[in-house]
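Here are some notes to read alongside the model. Keep the viewer open and find each residue as we go.

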Amino acid sequence: MQPSTDTVPILRPWTHFFHYLRDGANPLFHLCALQERIGDVYRLDLGLTKLWVLTRPEHAQHILQNNARNYRKGDHFDTPLRSVIRNGSAVSDLAKWRALRSIALPYFQGDRLSDLPIFVDAAWRSLEGVIAEHCALGRPLNLSRLMECASVSVACQQFGFGVPTYPELVAYLDAIKTLMYGDSPLFFATRLFPWAPLPSRAHLQQAAVQVRPIVTSWIATRLKQDDPRDDFCNALLRLVSQDIPAVQGDSAVLAAMLYDELFQILLAAHETVSAGLAWTTWLLSSHASIRENVAAEIDARPNWAIESAPAYLDGVIKESLRLFPPAWRITRRAIEDDTIGRFTVPAGAPVMLFVFGLHRHPDFWPAPNAFHPERFFGATRHDLGWQWMAFGAGPRSCIGGDMAVIEMKLILAWLMRRYRITPVAPPPLDSRVNLAVTLRLRRPQYVHLHRSSAVPPSFA
């Protein structure tokens, strides 16, 4: 006989709230504390549902790979983004998702990475005017926003949209911020209760309205160019034209049909990179000796191939993704009853793989809360197994994970060779964490940038 779900520890709402206050009202470290006190498998009673929380590598391997067919993703996608993506494959059935993935995969691996250095260089050069203005006035600069602009610019170039202007980037990012990680508690309530007439719903709807014409204009510009190159945008365009030949000559209809798929890939292409870079630069600002080691290594190796980045820089990126994984949790819903270890997960149960806790699990990471880039020196993805899942794992893992790590290295290396960064003291950790689709700094990170005499790095 299989063990009952009654053997799984369950935390009632009032007990959960007590523990939350006891742990400093920081949701991530609160969940880590629950993991230590209660165990690696427990349930949170959220009133309308009981959420299963799992925090071990073998749990992740079972749900994301060994029995992935039994765990559905679509109904856990955030409601605000559904209003923008609508019929995109990220919120659609498995067959549609697989079709898009088979088309997209070749464009985010292998030789396709060779253009990244060109895109990164163009992105930073387009932002140098903004940087120079702040430097001339001696004003601190929002480094988090600067990293976001650079990553969006790179993603736009990957799709053939060209290099966006700074006002375009700001308008786009302001709308995305509302959709992805609104600061007000009402935004979180909107996600929990999508049917409720809350005041924040109007703000979310307005953000969805604002972001659509920006992305649509980028797509329309690309369609007018009649660009013959073989990239993801053209591959998707060919697919749409083949499925519905009647719309081949109607650019407006094509743009509308392309929007859902292109927007979700564009969002994925920059959101993880910009979130990862924000945490990386914050960690570097908090660890002066490591920051100096990275700067010295970059200065000593001005020319390097994208597949052989300096070891310290590589370790810094991967360690920051361990401590603050942008995808801090992975949610699924069980289709049928399933056994995980000695527990039975009932059909219909919502399941959350707590990636943040897995990345800090003391059974797998010595000194789990410390920033030690050296732990990744010489380590491959195979060596890390299922205990490092910065980009998910299994059949639905992020197809651009390797590209994202390389892009983060290029963006950071370009900036740190061109400028010297003097951090402004960061706020306390409790006020920095912002939980949403991705893990974000809640408050902007301000720094002073000082122009260096060194030329930007060269990447082969």
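Among contacts in the chain between residues at least 6 apart in sequence, what percentage join residues at least 24 apart? Keep that in mind for point 1.

1. **The chain as a whole.** First, a reminder that this is a predicted model. The answer to the opening question is 74%. The chain has 460 residues, and 55% of them count as buried. Its secondary structure comes to 17 helices and 15 strands.

2. **Helix 13 against helix 14.** Find helix 13 at residues 288–300 and helix 14 at residues 311–323. Their axes are 8 Å apart and the packing angle is about 135°. That angle makes helix 13 oblique to helix 14, since the roughly antiparallel label is kept for angles over 145 degrees. The crossing of this pair is left-handed. On the helix 13 side, look for Ile290, Asn293, Val294 and Glu297, which meet Ala311, Tyr312, Leu313 and Val316 of helix 14. Sorted by class, this contact of helix 13 with helix 14 has six nonpolar residues, one polar and one charged.

3. **Helix 14 against helix 17.** Helix 14 also packs with helix 17, residues 401–418: the two axes come within 10 Å and cross at roughly 120°. So helix 14 and helix 17 are oblique to each other. Helix 14 passes helix 17 in a right-handed crossing. Helix 14 brings Leu313, Asp314, Ile317 and Leu321 to the contact, while helix 17 brings Val405, Met408, Lys409, Leu412 and Ala413. By class, the contact of helix 14 with helix 17 has seven nonpolar residues, two charged and no polar ones. You may recognise Leu313 from point 2, where this residue is part of the contact with helix 13.

4. **Helix 7 against helix 17.** Now look at helix 7, residues 143–158, which packs with helix 17 at an angle of about 125°, with the axes 11 Å apart. Helix 7 and helix 17 are therefore oblique to each other. Their crossing is right-handed. Helix 7 makes the contact with Leu143, Met147, Ala150, Ser151, Val154 and Gln158, and helix 17 with Met403, Glu407, Ile411, Leu412 and Leu415. These residues divide into eight nonpolar, two polar and one charged. Keep an eye on Leu412 of helix 17, which takes part in this contact with helix 7 and also in the one with helix 14.

5. **Leu266.** Is Leu266 buried or exposed? Its relative accessibility is 0%, so Leu266 counts as buried. You'll find Leu266 in helix 12, residues 251–286. Leaving aside neighbours within four places in sequence, Leu266 is in contact with Ala155, Cys156, Phe159, Tyr172, Val215 and Trp218. Take Val215 as an example: Leu266 and Val215 are 51 residues apart in sequence, and their C-alpha atoms are 9.3 Å apart in space.

6. **Asp338.** Here's a charged residue to check: Asp338, found in strand 8, residues 338–340. With a relative accessible area of 10%, Asp338 is buried, because the cut-off is under 20%. Setting aside neighbours within four places in sequence, Asp338 is in contact with His62, Asn67, Asn70, Tyr71, Phe343, Thr344 and Val345. Along the chain, Asp338 and Ile63 are 275 residues apart, yet their C-alpha atoms are separated by 9.7 Å.

7. **Two alanines.** Ala132 sits in helix 6, residues 116–137, and its relative accessible area of 41% makes Ala132 partly exposed. The C-alpha atoms of Ala132 and Leu449 are separated by 9.0 Å, although the two residues are 317 apart along the chain. Ala367 lies in the loop between helix 15 (355–358) and helix 16 (381–384). Ala367 is not a glycine, but has a positive phi of about 45°. At 42% relative accessible area, Ala367 is partly exposed.

8. **Cysteines.** How many disulfides does a search of the whole structure find? Zero. Two cysteines to look at are Cys32, which counts as buried at 12% relative accessibility, and Cys135, which counts as partly exposed at 32%.

How values were computed: Residues numbered from 1 in each chain as written. Predicted model: local features only at pLDDT ≥ 70, side-chain atom pairs only at ≥ 80, totals over all residues. Heavy atoms only, no water. Axes fitted to C-alpha atoms, helices over the stretch in contact; angles between N-to-C directions. Helix = DSSP H or I, 4+ residues; strand = E, 2+ residues; numbered from the N terminus. Parallel < 35°, antiparallel > 145°, perpendicular 65-115°, else oblique. Left-handed = near helix turned anticlockwise from the far one by under 90°. Contact = heavy atoms within 4.5 Å. Disulfide = S-S within 2.5 Å. Buried < 20%, exposed > 50% of the residue type's maximum accessible area, 1.4 Å probe, protein only.
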